[in-house]
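Work through the exercises below with the coordinates open. Each task is followed by a solution in steps.

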Amino acid sequence: MADWKKIYAMKAEREKKIKQICPEISNVSGIYLFYRVDEAGIRRGYCGQAVRLLERTSSHLAEYDHIALSLKKHGFFSKENPYGWKLTYKTCSKSEMDDLEVSTIRQWADAGFQ
């Protein structure tokens, strides 16, 4: 298989994983939030913005920054994994993304998420 075919196959697999936890997400612009409550009851969250939500959220699964490593370590929420990450999002125009990201971070911080 050509390298580009492998790259696209891996990308498709990551997007499939995101669709499993957030079936309605698509490649529109907006704000996304990965969030979870850990074993000690601490609320954790990571908010970002994207021109293409599905593509950006799935790209975290291939990266090595703090959120990517945590997603890999803790996995996604399920009945068998109650401390895993969940994903939510809001769509908006590109021009609204900065303001919506700030207000989303404030809203979730007010709800106790770090």
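**Exercise 1. Place Gly 45 and decide whether this residue is buried, partly exposed or exposed.**

Step 1. Gly 45 has a relative accessible area of 30%. Buried means under 20% relative accessible area, exposed means over 50%, and partly exposed is in between (1.4 Å probe, protein chains only). Gly 45 is therefore partly exposed.

Step 2. The model is predicted: local features need pLDDT of at least 70, side-chain atom pairs count only at pLDDT 80 or more, and totals for chains, interfaces and linings use all residues. Residues are numbered from 1 along each chain as its sequence is written, and side-chain values use heavy atoms, with hydrogens and water left out.

Step 3. Gly 45 sits in strand β2. Strands (E, at least two residues) and helices (H or I, at least four) are DSSP runs, numbered from the N terminus.

Step 4. List the contacts, meaning heavy atoms within 4.5 Å. Not counting residues up to four places away in sequence, Gly 45 touches Phe 34, Tyr 35, Trp 85, Phe 113 and Gln 114.

Step 5. Add a distance. Gly 45 and Ile 105 are 60 residues apart in sequence, yet 8.8 Å apart in space, C-alpha to C-alpha.

**Exercise 2. Work out the strand order of the sheet.**

Step 1. Pair the strands. Two strands pair if DSSP finds at least two bridges between them. β1 is joined to β2 (residues 43-50) by 8 bridges, antiparallel. β1 is joined to β3 (residues 86-91) by 6 bridges, also antiparallel.

Step 2. Read off the order. The 3 strands form an open sheet, β2-β1-β3. β2 and β3 are the edge strands, each pairing on one side only. On average, neighbouring strands are turned by 20° against each other, direction ignored; axes are lines fitted to C-alpha atoms, for helices over the stretch in contact, and angles run from 0 to 180 degrees between N-to-C directions.

Step 3. Fix the register. In β2, Gly 45 stands opposite Tyr 35, and Arg 44 stands opposite Arg 36. In β3, Thr 91 stands opposite Gly 30.

Step 4. Check the hairpin. There are 5 residues between β1 and β2, and Gly 41 takes a positive phi near 85°.

Step 5. Check the cover. In β1, 7 of the 8 residues are buried.

**Exercise 3. Which residues of α3 are buried, and what do they pack against?**

Step 1. Locate the helix. α3 (residues 66-74) lies across β1 and β2, at about 45° to β1.

Step 2. Find the covered residues. Ile 67, Ala 68, Ser 70 and Leu 71 are the buried residues of α3. They cover an arc of only 165° around the axis, so they lie on the same side of α3. The arc is that of the directions from the helix axis to the C-beta atoms.

Step 3. Match the partner. These buried residues pack against β1 and β2. On the other side of α3, His 66 and Lys 73 are exposed.

Step 4. Look past the end. Gly 75 follows α3, with a positive phi near 70°.

**Exercise 4. Describe the surroundings of Ser 29.**

Step 1. Ser 29 is in the loop between α1 (3-21) and β1 (30-37). Its relative accessible area is 14%, so Ser 29 is buried.

Step 2. Leaving aside neighbours within four places in sequence, its contacts include Ala 50, Val 51, Leu 53, Thr 91 and Met 97.

Step 3. A polar atom of the Ser 29 side chain lies 2.4 Å from the backbone oxygen of Cys 92.

**Exercise 5. How many disulfides does the structure hold?**

Step 1. A disulfide is a pair of cysteine sulfur atoms within 2.5 Å. The search of the whole structure finds 0.

Step 2. Test Cys 22. Its nearest cysteine sulfur, that of Cys 47, is 13 Å away, and Cys 22 is in no disulfide. Cys 22 is buried at 5% relative accessibility.

Step 3. Test Cys 92. The closest cysteine sulfur, in Cys 47, is 10 Å from its own, too far for a bond. Cys 92 is buried too, with a relative accessible area of 13%.

Conventions: Polar contact = N/O pair within 3.5 Å; in protein donor to acceptor, adjacent residues only side chain to side chain.
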